[in-house]
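Trainee: Please take one part of this model and go through it closely. I would like a connected account rather than a list.

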Amino acid sequence: NSTGGIFLPPLLRQFGVSKIVQLYCEPSGDFPHNPEPLPEHLLYLATAVLKNKAHLGIAVDPDVDRLALVCEDGEMFGEEYTLVAIADYVLQHNKGNTVSNLSSTRALRDITKKAKKKYTASPVGEVHVVNAMKDTDAVIGGEGNGGIIYPELHYGRDALVGVALFLSHLAKSGMNCSVLRSTYPHYHISKNRIELTPEINVDELLELIAEKYSEENLNTIDGVKIDFEKGWVHLRKSNTEPIIRIYAESESETTAENLANKIIADIKEIIKCLCRCHVMRFRTDTADSAGYNRHVFCKPSHTELLESPQFRYLKIGVRYIPIIIKEYFDFPVAFKSCNWINNNFFHPIFPFNIESARLYLLKLPTQSGIASSTASILSTISSSVSSVVSPMSRLAPRAAIIFAPWSRTPSGGP
């Protein structure tokens with residue numbers, strides 16, 4: 001019910017398509033379903049393809065820059081594979097480089113490599129894909145959402161160009177749509193999103209994920225993409241809300257889901273460390289309307305906080321000294337040379353952002369540790385800090401050290 005209904009039927013007739021069944025082609029702007037061309041929104045089209053024994057079903061979004069296809073058997077061709085199939089056709093007639101974004105299927109890289117040309121992954125977004133295409137002189141590019149960019153006509157996503165190229169490919173191949181789809185590398189993508197609370201530093205979280213997987217092939221031009229031998233995971237933050245989108249791809253759906261869940265578990269553990277002062281509750285919901293598996297970190301109730309594992313330490317006699325360090329100072333590094341703090345004595349985890357400060361906990365496993373004089377502990381801390389930041393006066397305007405032992409209440413709680 002948008003401009004695609006005006007232009008697609010005459011384009012198909014121009015290509016010699018003899019039978020055209022039109023669905024929702026009146027440009028009224030009143031959409032009978034979510035107009036995003038995702039599989040869950042195209043069930044009526046798939047039914048119509050089977051009912052009319054059509055060779056192909058075609059769907060475009062309202063501004064006609066994304067193309068989705070349905071095979072003759074009613075199965076989705078796959079929005080990721082719209083670009084793959086069209087790129088295959090273009091490369092058969094014009095050998096050259098290709099570009100897609102970091103969240104798009106690895107299949108485009110595979111067919112480009114087969115053509116002995118260079119594949120480039122750009123940051124997500126049409127403008128980034130176009131810039132990379134210009135930089136590498138690519139002959140075809142686009143995004144895994146069905147966006148086709150064919151520079152021989154213009155540098156912009158264009159579903160009408162995609163229809164023309166795909167129909168040419170289908171006709172010249174002599175295959176039906178489902179058989180053509182089966183000729184390409186078979187990958188599955190798992191799409192997930194994690195919703196965070198505003199106080200969580202998403203950039204720091206992504207940096208820690210990158211550190212954890214530093215031995216793998218990393219790309220950090222747009223979030224963090226980790227390339228494994230049999231798949232990849234791409235993490236991107238939203239610029240408008242506290243969300244991390246996680247795409248994972250592998251040769252099987254199960255492996256793709258496992259890759260995504262492994263990264264989600266890593267994020268969960270890192271956030272527990274970053275926010276150890278208030279335990280985060282983790283919940284997984286069903287897929288939302290955009291096709292994402294939704295994962296949410298929620299603030300705990302008072303009861304959950306009291307029953308959390310770190311507070312149970314207090315009930316069995318373990319003590320902590322909380323120390324707050326103002327920003328611009330790497331506290332754990334400062335304590336590496338401190339004699340009385342070693343691997344058994346100091347927890348270099350539990351950083352927690354409190355505005356411009358961070359909280360760290362020193363673990364004192366014995367009563368005698370807590371009995372140590374305030375002056376003695378402060379002196380040791382100051383000496384350790386001074387050994388890293390000298391003179392101490394440089395630190396003073398930017399940092400403050402505040403500490404006080406925690407102890408059990410008469411009721412045994414924290």
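Mentor: What follows looks at helix H3 and its surroundings.

The model is a predicted one. Helix H3 spans residues 79-93 and gives the largest nonpolar core its largest share, nine residues. That core has 38 residues in total, and Phe77, Ile86, Ile140, Phe166 and Tyr184 have the most contacts inside it. Other elements that supply at least two residues each include helix H1 (4-14), strand S5 (138-143) and helix H6 (159-173). Beyond four places in sequence, Ile86 touches Leu67, Ile140, Ile148, Gly162, Leu165 and Phe166. Another core, of 24 residues, lies apart from this one, with Leu196, Ile209, Ile244 and Ile270 among its members.

H3 also packs against helix H4. Their axes come within 9 Å and cross at roughly 10°; because angles under 35 degrees count as roughly parallel, H3 is roughly parallel to H4. From H3 the contact takes Tyr81, Leu83, Val84, Ala87, Asp88 and Leu91, and from H4 it takes Ala107, Leu108, Ile111 and Thr112. Of these residues, eight are nonpolar, one is polar and one is charged.

Thr105 sits in the loop between strand S3 (97-101) and H4. Its relative accessibility is 3%, so Thr105 counts as buried. A polar atom of the Thr105 side chain lies 3.1 Å from the backbone nitrogen of Ala107. Neighbours within four places in sequence aside, Thr105 is in contact with Glu80, Tyr81 and Val84, as well as Tyr187, Ile189, Trp232 and Glu249.

Definitions and conventions: Residues are numbered from 1 along each chain as its sequence is written. This is a predicted model: local features need pLDDT of at least 70, side-chain atom pairs count only at pLDDT 80 or more; totals for chains, interfaces and linings use all residues. Side-chain values use heavy atoms; hydrogens and water are left out. A nonpolar core is a set of buried Ala, Val, Leu, Ile, Met, Phe, Trp, Tyr and Cys residues joined through side-chain atoms within 4.5 Å. Buried means under 20% relative accessible area, exposed over 50%, partly exposed in between (1.4 Å probe, protein chains only). Helices (H or I, at least four residues) and strands (E, at least two) are DSSP runs, numbered from the N terminus. Contact means heavy atoms within 4.5 Å. Axes are lines fitted to C-alpha atoms, for helices over the stretch in contact, and angles run from 0 to 180 degrees between N-to-C directions. Angles under 35 degrees count as roughly parallel, over 145 as roughly antiparallel, 65 to 115 as roughly perpendicular and the rest as oblique. Ala, Val, Leu, Ile, Met, Phe, Trp, Tyr, Cys and Pro count as nonpolar, Asp, Glu, Lys and Arg as charged, and the others, Gly among them, as polar. A polar contact is a pair of N or O atoms within 3.5 Å; within protein, one must be able to donate a hydrogen and the other to accept it, and residues adjacent in sequence count only if both atoms are side-chain atoms.
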